[in-house]
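Let's take a friendly look at how the parts of a protein sit against each other, and at the space left between them. Have the sequence and the 3D view ready as you read.

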Amino acid sequence: MKKTIYKKFNKAIISTLPLIRFEGKIITVISESEASRAVDFLLSQPILGIDTETKPTFKRGVIHQVALLQVATHDLCFLFRLNYLGLSPSVVRLLMDRTVPKVGLSLHDDLHMLHKRGEFQAGSFIDLQNVVKEIGIEDMSLQKLYANLFGMRISKAQQLSNWQADVLSDKQKVYAATDAWACIVIYEELMRLNESKDYDLFETNEPQQDE
């Protein structure tokens, strides 16, 4: 039976879907020695999911630097606290690596914010927004993509929390790890569908209006 997916997913349905969260191990990184070990491990993996978090701004003209870089495998996620680390040599080594593909969403924005912390030449990155176009999906948000492909909901409750807090809460850590991990899962499913053609693409799952 072919998978049903939509060009545009009805946002109202998302709140009714079961919640999905990263269930693997989460490790917070606050020193260069920790970062070096983390990057050594990450660069031994076949694929990585990547995302960033920045403290939200509620005043005009106030812009915060990116505070967190989260990088995940299928079952492990490292949270690099850039407000402590900055772009340390190991973080730069990770970002410049060209051997391991790093999958993210709207990477132009993430890389732009990371470049404000320091100079580096971006290595091997894959933007999901480019990949989804290949099979005709028009939605560009992580939450909609996950709901469309898997029928489950990624919580965005922690999105506007303080990512520069002295200590991140468990809810923040899971939120950050889930976003990075989900990038891998979505990418691998898109690759499977693109190769197998085992899907039916419909315009939308919006309820039809009576004439």
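Helices H2 and H4 cross each other in a left-handed way. Keep in mind that this is a predicted model.

To find the pair, look for H2 at residues 32-42 and H4 at residues 89-96; their axes come within 8 Å and cross at roughly 20°. Angles under 35 degrees count as roughly parallel, and H2 and H4 are therefore roughly parallel to each other.

Which residues make the contact? From H2 come Glu32, Ala35, Ser36, Val39, Asp40 and Leu42, while H4 brings Pro89, Ser90, Arg93 and Leu94. By type, the residues of this contact between H2 and H4 divide into five nonpolar, two polar and three charged.

Now for the empty space. A search of the whole structure turns up one cavity of 30 Å³ or more, and about 30 Å³ of space lies in the largest cavity. Two elements give two or more residues each to its lining: strand S4 (48-54) and helix H5 (107-115). H5 supplies the largest share, four residues. In full, the lining consists of Ile50, Asp51, Thr52, Leu107, Asp110, Leu111, Leu114 and Phe125.

Here is how the lining of the largest cavity divides by residue type:

| Residue type in the lining of the largest cavity | Number of residues |
|---|---|
| Nonpolar | five residues |
| Polar | one residue |
| Charged | two residues |

Try picking out these lining residues in the 3D view, then turn back to the contact of H2 with H4, where five residues are nonpolar.

Definitions and conventions. Residues numbered from 1 in each chain as written. Predicted model: local features only at pLDDT ≥ 70, side-chain atom pairs only at ≥ 80, totals over all residues. Heavy atoms only, no water. 1 Å grid on protein atoms, 1.4 Å probe; cavity = no way out; pocket = protein on both sides within 12 Å on 5 of 7 lines; lining within 4 Å. Points joined across faces, edges and corners; volume = space filled by probe spheres on them. Nonpolar A, V, L, I, M, F, W, Y, C, P; charged D, E, K, R; others polar. Axes fitted to C-alpha atoms, helices over the stretch in contact; angles between N-to-C directions. Parallel < 35°, antiparallel > 145°, perpendicular 65-115°, else oblique. Left-handed = near helix turned anticlockwise from the far one by under 90°. Contact = heavy atoms within 4.5 Å.
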